Amino acid sequence: FSNKGLESIQKNNPFLAEWVTMQRRELQQWEGMGENDEDDENGIRHRLHLMKVTKSFLSFISNKDRAQPLTTKHTNCSCPNKDEIYWERQYGQLAAWYIKYGTYSSKGMPSKMKKFISRQQEQYRLLNDGVDSEMTVERVEKLDEIFFPFDK
């Protein structure tokens, strides 16, 4: 992103803008490393982990227009319903949180996001128990892409 593009992103998605800024700083640090510096394996693993989450999040951002509510009713349409749109928005915010902080720790996390996490964990347990659940295979796959903690 150029600086002008970053300003535009800051208005629409401050989490993503902050992530881009952090990546720029990190790139500058990596470029400044000498050949004899030892690699911090955990740090590299963590950065790769966040890069995978970011890829998933950016894919979500590029497809979010598909999840916009329609102003007219369609009878033969597989349009997303209100619950699906809400879920997608919460998913996007959760992915942005994880990209920014690298954790699902609830310290400082908005209460709405904490409730979303608890709900997804509960729905996942119901799905595994064979009980009716809001959780779908597609949602499990999406949450898995951002390394969601299903078991807590």
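A helix, as the word is used on this tour, is a DSSP run of at least four residues, with numbering from the N terminus. With that in mind, select Gln120: this residue sits in helix H5. Keep in mind as you look around that you have a predicted model on screen.

**Stop 1: the whole chain**

Zoom out and colour by secondary structure. How many helices and strands are there in the protein? You should find six helices and zero strands. Walking from the N terminus, the order of elements reads α-α-α-α-α-α.

Now switch on a surface. The protein has 152 residues, and 28% of them are buried. Take the contacts between residues at least 6 apart in sequence: 55% of these join residues at least 24 apart.

**Stop 2: where H4 meets H5**

Select residues 82-101, which form helix H4, and residues 111-128, which form helix H5. Their axes lie 10 Å apart, and the two helices pack at an angle of about 110°. Angles of 65 to 115 degrees count as roughly perpendicular, so H4 is roughly perpendicular to H5.

Which residues make the contact? On the H4 side, show Tyr86, Trp87, Gln90, Tyr91, Gln93, Leu94 and Trp97 as sticks. On the H5 side, do the same for Lys112, Met113, Phe116, Ile117 and Gln120. Try colouring this group by residue class: the contact of H4 with H5 has eight nonpolar, three polar and one charged residues.

**Stop 3: back to Gln120**

You have already met Gln120 in the contact between the two helices, so let us zoom in on this residue. Is Gln120 buried or exposed? Its relative accessible area is 4%, and a residue under 20% counts as buried, so Gln120 is buried.

Next, draw a distance line from the side chain of Gln120 to the side chain of Trp87: the two make a polar contact at 2.8 Å. Then look at who else is around. Apart from neighbours within four places in sequence, Gln120 is in contact with Trp87, Met135, Leu143 and Phe148.

**Stop 4: the salt bridges**

Time for some charged side chains. Side chains of opposite charge can pair when their charged atoms come close. How many salt bridges does the count come to? The count is two, and you can visit both.

For one of them, select Lys142 and Glu88. In this salt bridge the closest N and O atoms are 2.7 Å apart. The pair links distant parts of the chain: Lys142 belongs to helix H6 (residues 137-145) and Glu88 to helix H4, with their positions 54 residues apart. Lys142 has a relative accessible area of 22%, so this residue counts as partly exposed.

For the other, select Glu134 and Arg119, whose side chains meet in a salt bridge at 2.4 Å, N to O. This pair also links distant parts of the chain: Glu134 is in the loop between H5 and H6, while Arg119 is in helix H5, 15 residues apart. Both residues are partly exposed, with relative accessibility at 42% for Glu134 and 33% for Arg119.

**Stop 5: far along the chain, yet side by side on screen**

Return to helix H4 and pick Ala96. At 4% relative accessibility, Ala96 counts as buried. Now add Val53 to your selection: 43 residues separate Ala96 and Val53 along the chain, and their C-alpha atoms are 8.9 Å apart.

For another such pair, go to helix H2 (residues 14-31) and find Val20. Val20 is buried too, with 6% relative accessibility. Measure across to Lys100, which is 80 residues away along the chain: the C-alpha atoms of Val20 and Lys100 are separated by 9.9 Å.

**Stop 6: a backbone detail**

Finish your tour in the segment after H6, where you will find Phe147. What is the phi of Phe147? Phe147 has a positive phi of about 55°, although this residue is not a glycine. With a relative accessible area of 32%, Phe147 is partly exposed.

Conventions:
Residues numbered from 1 in each chain as written. Predicted model: local features only at pLDDT ≥ 70, side-chain atom pairs only at ≥ 80, totals over all residues. Heavy atoms only, no water. Axes fitted to C-alpha atoms, helices over the stretch in contact; angles between N-to-C directions. Parallel < 35°, antiparallel > 145°, perpendicular 65-115°, else oblique. Contact = heavy atoms within 4.5 Å. Nonpolar A, V, L, I, M, F, W, Y, C, P; charged D, E, K, R; others polar. Buried < 20%, exposed > 50% of the residue type's maximum accessible area, 1.4 Å probe, protein only. Polar contact = N/O pair within 3.5 Å; in protein donor to acceptor, adjacent residues only side chain to side chain. Salt bridge = Lys/Arg side-chain N within 4 Å of Asp/Glu carboxyl O.
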